[in-house]
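Please work through the exercises below with the sequence and the model at hand. Each task is followed by a solution in steps.

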Amino acid sequence: MKNLLPLLFLIAFSTIHAQELYFPPNGTDAWETMEPESLGYCQDSIEALYNFLEAEQSKSFLLLKDGKIVLEKYFGSFQQDSLWVWFSAGKSLRAVLVGIAQSEGFLDIQDPTSDYLGKGWTSLPEEKEDLITIWHQLTMTSGLNPLNFSCTDPSCLTYFRDAGTFWSYHNSPYNLLKEVLESATTQNINQLTRNWIINKIGMQSGFWLAAGDNTFFFSRARDMARFGLMVQNRGYWGETAILNDSAYYHQMINSSQSLNPSYGYLWWLNGKSSYTPPSQVTPVVGPFAPDAPEDVFLAAGSRGQYISISPAEGLLLIRQGLSADEDKAATDLHNEIWKRVTRLNCTLTSLPSVTPPSIQLFPNPTREQVQVTGIAPESAQLSLYDASGQLLRQIEGQNQLSLQGLPSGIYLIKVQDGQRHLTERLVKY
C-alpha cells in the first residue's frame with residue numbers, strides 16, 4: 001500500500017488539475033480569455049514586457065493561466081495566423097510522438113536503434129552500435145561524436161563514448177528518431193503528427209519540413225499553445241487521451257539520467273542542481289532559469305522558440321521569434337522573459353510619500369507554520385492553495401498560517417493586505 005501512495009496522489013492530482021484547466025473548442029479559433037487585472041497584473045508592467053520582447057525581435061507571445069489566454073501579442077507584420085518555425089522546440093513534439101508510438105505498441109524505447117534503422121546505420125563497430133537504443137536518442141546520451149552536429153550519414157556517426165556514459169546536445173541521433181518512427185509505423189512523420197496530435201487537439205496548422213538533415217516543425221503561436229496545454233494536462237486534451245502512457249509522460253518531464261539532470265526526454269527541466277547548455281559539455285551549477293518557477297519544463301528552440309510550462313502556477317508561456325543569442329536553445333532569453341512575467345504584479349503607488357515594507361514569507365521552506373511580514377494583520381487575508389489551485393485554508397486578521405496536518409510539498413499562498421497582494425510559492429518539508 002505504501003508504494004501505491006505516490007501513484008494514487010499522481011492520479012488524484014491529475015484528475016483535479018484536469019477539471020480546472022480550460023480547453024478551447026476544436027474547429028474554431030474561439031478561446032476564452034482572462035483579464036490581466038484579475039491576476040493583479042499592471043498595464044505598465046505589461047507594456048515593459050512587450051517592449052522587451054519587441055527589442056528581442058519577438059514575433060509572438062502568449063501567456064495562459066489555467067488554459068485561458070491572459071496576454072497575446074504579435075509584433076511587426078506578424079499576425080495570429082502567421083506561421084513560424086519551432087526549431088529545436090520540435091524535439092519535444094517528437095518526444096511525445098515516440099511516447100504515443102510506444103503506447104500503441106509500435107516500438108519500445110529500450111529497443112536498439114538498429115532494430116529500426118538496420119545494421120550499419122553508424123560507422124561504429126557492431127558491438128558498440130548495438131548499445132545505442134531509442135532511449136539514448138531521447139536523452140542525448142548516444143555516445144556518438146557530437147562534432148558532426150546534424151549529419152545523419154553513417155560516415156558522420158562515429159564513436160566517442162559508449163552509449164549512456166556521456167551527455168551532449170546532438171542533433172544527429174535526434175534527427176534519426178524521424179526514421180525510427182517512420183520505420184516502426186510505416187507512416188511518414190506528417191501523417192503521424194496529424195493523426196495522433198493535430199486533429200485530436202484542434203490545431204489549425206502544423207507540418208514538418210525537411211532542411212538538409214534536419215526536419216523542422218512549423219505552426220501558428222496558438223497551435224503551439226494547444227500542444228503545450230495538452231502536455232500541461234499530462235498528455236490529455238480535456239478527457240481525450242493523446243499520450244496514454246503515464247509512466248512515459250513522467251519520465252519525459254523528469255531527469256532522464258544523472259549526466260545532465262536538467263534534461264528529460266527532449267524536454268529541458270528547471271529547478272535542478274545543474275544543467276549542461278547545448279553548446280557545452282561542462283555542467284553549470286544551478287538551474288537554467290533561476291527567475292522562473294522551479295517546476296518549469298521547457299520545449300526550447302534556437303533563437304528563442306519556447307513552450308514553457310509551470311503546472312504549479314498554472315502558467316503556459318509561448319514565444320516565437322528571433323534573438324541575438326545564438327545558443328541552440330537560448331535559455332538565457334527564456335529566463336529574462338520569465339523574470340519580467342514574475343514582475344507583472346502591481347505595486348502600491350497611491351502613497352508616494354511612504355514606502356510600505358515588502359511582503360515576505362518566513363520561514364520558507366517551513367515545517368509547521370509560516371509568518372507573513374510587512375503587512376497589517378488586522379486588514380490581511382491569507383489563502384493557501386495546493387499545487388492544483390484548490391483552496392485549502394483561508395484566514396483573516398492574522399499574519400500567521402498553520403500548515404499542520406498538511407503533507408510535505410509545494411503550495412501557493414496568496415496574501416492580501418488592502419490594495420497590496422502577493423502570490424508566492426511555499427515549500428513545506
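The exercises concern burial, ring pairs, salt bridges, helices and backbone geometry.

The model is predicted, so local features need pLDDT of at least 70 and side-chain atom pairs count only at pLDDT 80 or more, while totals for chains, interfaces and linings use all residues. Residues are numbered from 1 along each chain as its sequence is written, and side-chain values use heavy atoms, with hydrogens and water left out.

**Exercise 1. Describe the surroundings of histidine 136.**

Step 1. Locate the residue: histidine 136 belongs to helix α6, residues 134-139. Helices (H or I, at least four residues) and strands (E, at least two) are DSSP runs, numbered from the N terminus.

Step 2. Assess burial: histidine 136 has a relative accessible area of 9% and is therefore buried. Buried means under 20% relative accessible area, exposed over 50%, and partly exposed in between, with a 1.4 Å probe and protein chains only.

Step 3. List the contacts (heavy atoms within 4.5 Å): apart from neighbours within four places in sequence, histidine 136 touches Leu131, Thr141, Ser142, Ala163 and Gly164.

**Exercise 2. Examine the rings and charges around phenylalanine 166.**

Step 1. Count the ring pairs: the whole structure contains 20 aromatic pairs. Rings of Phe, Tyr and Trp (its six-membered ring) pair if their centres lie within 6.5 Å; planes under 30 degrees apart count as stacked, over 60 as edge-to-face and the rest as tilted.

Step 2. Classify one pair: phenylalanine 160 and phenylalanine 166 are 4.9 Å apart centre to centre, with 55° between the planes, and form a tilted pair. Phenylalanine 166 is buried because its relative accessibility is 16%, whereas phenylalanine 160, at 30%, is partly exposed.

Step 3. Add the charge: arginine 161 lies over the face of phenylalanine 166, 5.8 Å from the ring centre. A charge sits over a ring if NZ of Lys or CZ of Arg is within 6 Å of the ring centre and within 35 degrees of the ring normal. Elsewhere, the charged end of lysine 91 sits over the ring of tyrosine 174, at 4.6 Å from its centre.

Step 4. Find a cluster: ring pairs connect Phe149, Trp167, Tyr169, Tyr263, Trp268, Tyr275 and Phe288.

**Exercise 3. Determine which parts of the chain are joined by the salt bridges of aspartate 29 and lysine 119.**

Step 1. Count: there are 13 salt bridges in the structure. A salt bridge is a side-chain nitrogen of Lys or Arg within 4 Å of a carboxyl oxygen of Asp or Glu.

Step 2. Take aspartate 29: its salt bridge with arginine 220 has the closest N and O atoms 3.0 Å apart. This pair links distant parts of the chain, 191 residues apart: aspartate 29 is in the loop between α1 (5-20) and α2 (43-55), and arginine 220 is in the loop between β5 (214-219) and α10 (221-232). Aspartate 29 is partly exposed at 26%, and arginine 220 is buried at 4%.

Step 3. Take lysine 119: it forms a salt bridge with aspartate 130, with 2.9 Å between the closest N and O atoms. Lysine 119 lies in the loop between α4 (114-117) and α5 (126-129) and aspartate 130 in the loop between α5 and α6, so the pair ties together parts eleven residues apart in sequence. Lysine 119 is exposed at 55%; aspartate 130 is partly exposed at 27%.

**Exercise 4. How many residues of α3 are buried, and what span does the helix reach?**

Step 1. Compare the spans: α3 (residues 90-103) has 14 residues and reaches 20 Å from its first C-alpha to its last, close to the 20 Å expected. The expected span is 1.5 Å times one less than the number of residues.

Step 2. Assess burial: 13 of the 14 residues of α3 are buried, so the helix is largely enclosed by the rest of the structure.

Step 3. Look past the end: glycine 105, which follows α3, has a positive phi near 85°.

**Exercise 5. Identify the backbone features at proline 365 and threonine 186.**

Step 1. Proline 365 is joined to asparagine 364 by a cis peptide bond, with omega about 15°. Proline 365 lies in the loop between β14 (360-362) and β15 (369-373).

Step 2. Threonine 186 is not a glycine, yet its phi is positive, about 60°. Threonine 186 is in the loop between α8 and α9 (189-201) and is exposed at 70% relative accessibility.
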